[in-house]
Amino acid sequence: MDTPVQDLRSNAKTRSHFLHPWQDVATGEVGDYTQLQRSSGIHVQDSDGNTLIDGPGGMWCVNVGHGREEIIEAVTRQMRELTYFSPWSVTAPITEQLAERLAALTPGDLNQVFFTTGGSTAVDSAIRFVWFYNNCLGRPEKKQVIARVNAYHGSTYLTGSLSGKLREKANMDMVEDRIHLLPCPKPKDRPAGMTVEDFCDAKVADLEQKILDLGADKVAAFIAEPIMASGGVIIPPDGYYKRCHAICQKYDVLFIADEVVTSFGRLGHYFACKDVFGVVPDLLTTAKGLTSGYVPMGALFISDRLMADIARHATGARPFYSGFTYSGHPVAAAAAMANLDIFEKDNLLDHVRTIAPHFEAALRGLSDLKVVTDIRVKGLMAGVECELDPTHPDEDRDVGFALKVDRHCHDLGLLVRPTYNACVMSPALTITKTQIDDLAAKLRAGIQRAMAE
Ligand code: PLP
């Protein structure tokens, strides 16, 4: 018989067997995990029957909104028709159709689709593909990867190592010998007196200098989100992304656009790297909005050029020994197809482009609040940063404040779930002007109540 082990954790009486991501294991802190029971459109409902605006849109993912019958029906139909197929040995029309449809939407020659189970596995596959590519091209020493502080690329060993949220690395082992982090290109944190243009020059120079320090023949890739989402919606200076791409081209370094958040409408386009930032990357990763979070799925897009390079250098077969039991899962593919149908039927991209200025104006309206020290908005993603005393920075104090804002907003009917000291907003793309005003009013009241506390 098992010997009962005393549970030293403080919340043992409310113990849940669901270990959440980022949960404090030492104290067993269950925090305020609101139980959600229902969802519809831009709203969720908790177990007490309170209706809340879903500010983060799930986790940057419920792009077409909750409860869309079209996706529910498509998924159900697909499960009845074909539950599963092994992507190693067979294929299915629904997944073939999705790959073809996506290839037509991606920028440039990103025509090869490698399906994954989510964003982390898409980014992980991207890095593995880059290393595989350089092995195939006979340059096994070209393996170093450059990423950035405050970026988030996932939670596998490799993608956790690429992520630059430094305080989240404590007690976690990381890949040490192949990954290098550049300073974050956050304009607000530039040195006093420096213009944004000079700051942009400096951040681009950081990349070039790192490539030169490591040796261009050693550097395989640079990975960057067009906008750092989980880092707190960090929007780099104008021109930064494009100039980094030019540096990569100059030194034969592959450019990976991590569009796990920014694709599928968040910035008013299917993919933001070219349409918003003027960059056609060599590899592109997506997930989240691909199925609007109804079913897990991610994808890595690989350029025809890279595929052709491998073919040209090969003397025989070159299998890419990578893949997942659920690569191209037919039920996820059905969800993605129905999701794309909704984008077309509802003219969702036009809607985002039309409504984005209203979203921006509504959130910028919070700038009169003393604790709000930075408001960052692009498309339908926003970060409202709160600092109690910018002259005496204290991250823990400000994180504590943001959690208070979160609690008050909950009472007011808005789910926030801040990232550090930033209230990040990424609502369903179907949001209306009235709903945006409601969201901004609730956020204002939540911040005011936290200030008064
Ligand atoms: N890349 C970016 C930019 C992300 O924001 C995330 C998740 O938030 C990931 C990758 C990891 O995606 P997933 O959680 O689906 O593995």
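At 28% relative accessibility, Lys-188 counts as partly exposed, and this lysine offers a way into a predicted model whose two domains meet across an interface. Glu-385, by contrast, is buried, with a relative accessible area of 4%, and the two residues form a salt bridge in which the closest N and O atoms are 3.0 Å apart. Because Glu-385 lies in strand S12 while Lys-188 lies in the loop between S6 and H6, the pair ties together parts that are 197 residues apart in sequence. The points below begin with the salt bridges around this pair, then turn to the domains and to some individual residues.

**Salt bridges around Glu-385**

- Glu-385 also meets Lys-186 through its side chain, in a salt bridge with an N to O distance of 3.0 Å.
- This second pair links distant parts of the chain as well, since Glu-385 belongs to strand S12 and Lys-186 to the loop between S6 and helix H6 (196–214), with their positions 199 residues apart.
- Both Glu-385 and Lys-186 are buried, whereas Lys-188 is partly exposed at 28% relative accessibility.
- Through shared partners, salt bridges join Lys-186, Lys-188, Asp-189, Asp-374, Arg-376, Glu-385 and Glu-387 into one network.

**Salt bridges around Arg-167**

- Arg-167 forms a salt bridge with Asp-396, in which the closest N and O atoms are 3.4 Å apart.
- The side chain of Arg-167 also meets that of Glu-395 in a salt bridge, again with a value of 3.4 Å from N to O.
- The pair of Glu-395 and Arg-167 connects distant parts of the chain, because Glu-395 sits in helix H12 and Arg-167 in the loop between helix H5 (157–162) and strand S6 (179–182), 228 residues apart.
- Glu-395 is partly exposed, with a relative accessible area of 40%, and Arg-167 counts as partly exposed too, at 42% relative accessibility.
- A search of the whole structure finds 30 salt bridges, and across the interface of domain 1 and domain 2 the rule finds five.

**The two domains and their interface**

- The domain assignment divides the protein into domain 1, which is made of the two segments 36–64 and 348–452, and domain 2, which covers 71–345.
- Taken over C-alpha atoms, the centres of domain 1 and domain 2 are separated by 27 Å.
- At the interface, 31 residues of domain 1 are in contact with 34 residues of domain 2.
- The area buried between the domains is about 2700 Å², and carbon and sulfur atoms give 61% of this area.
- Three residues, Trp-60, Met-381 and Tyr-420, supply 24% of the area that domain 1 buries against domain 2, which is more than any other three residues supply.
- Polar contacts also cross the interface of domain 1 and domain 2, where 19 residue pairs are found, with both residues at pLDDT 80 or more.
- On the side of domain 1 that touches domain 2, the elements that give two or more residues are helix H1 (57–60), helix H11 (348–364), strand S11 (372–378), strand S12 (381–386), helix H12 (395–412) and strand S14 (422–425).
- Strand S11 gives five residues to that side of domain 1, the largest share.
- When the residues on that side of domain 1 are sorted by kind, they divide into 17 nonpolar, six polar and eight charged.

**Backbone angles of two residues**

- Trp-60, whose place is in helix H1, has a positive phi of about 65° although it is not a glycine.
- At 4% relative accessibility, Trp-60 counts as buried, because the cut-off for a buried residue is under 20% relative accessible area.
- Arg-417, found in the loop between strand S13 (414–415) and S14, likewise has a positive phi, near 55°, in a residue other than glycine.
- With a relative accessible area of 31%, Arg-417 is partly exposed.

**The surroundings of Ser-303**

- Ser-303 has its place in the loop between strand S10 (298–302) and helix H9 (304–313).
- Is Ser-303 buried or exposed? Ser-303 is buried, with a relative accessible area of 2%.
- Leaving aside neighbours within four places in sequence, Ser-303 is in contact with Asp-109, Leu-110 and Asp-282.

Conventions:
Residues numbered from 1 in each chain as written. Predicted model: local features only at pLDDT ≥ 70, side-chain atom pairs only at ≥ 80, totals over all residues. Heavy atoms only, no water. Domains from an automatic or database assignment. Contact = heavy atoms within 4.5 Å. Buried area = accessible area lost by both parts, 1.4 Å probe. Salt bridge = Lys/Arg side-chain N within 4 Å of Asp/Glu carboxyl O. Polar contact = N/O pair within 3.5 Å; in protein donor to acceptor, adjacent residues only side chain to side chain. Helix = DSSP H or I, 4+ residues; strand = E, 2+ residues; numbered from the N terminus. Nonpolar A, V, L, I, M, F, W, Y, C, P; charged D, E, K, R; others polar. Buried < 20%, exposed > 50% of the residue type's maximum accessible area, 1.4 Å probe, protein only.
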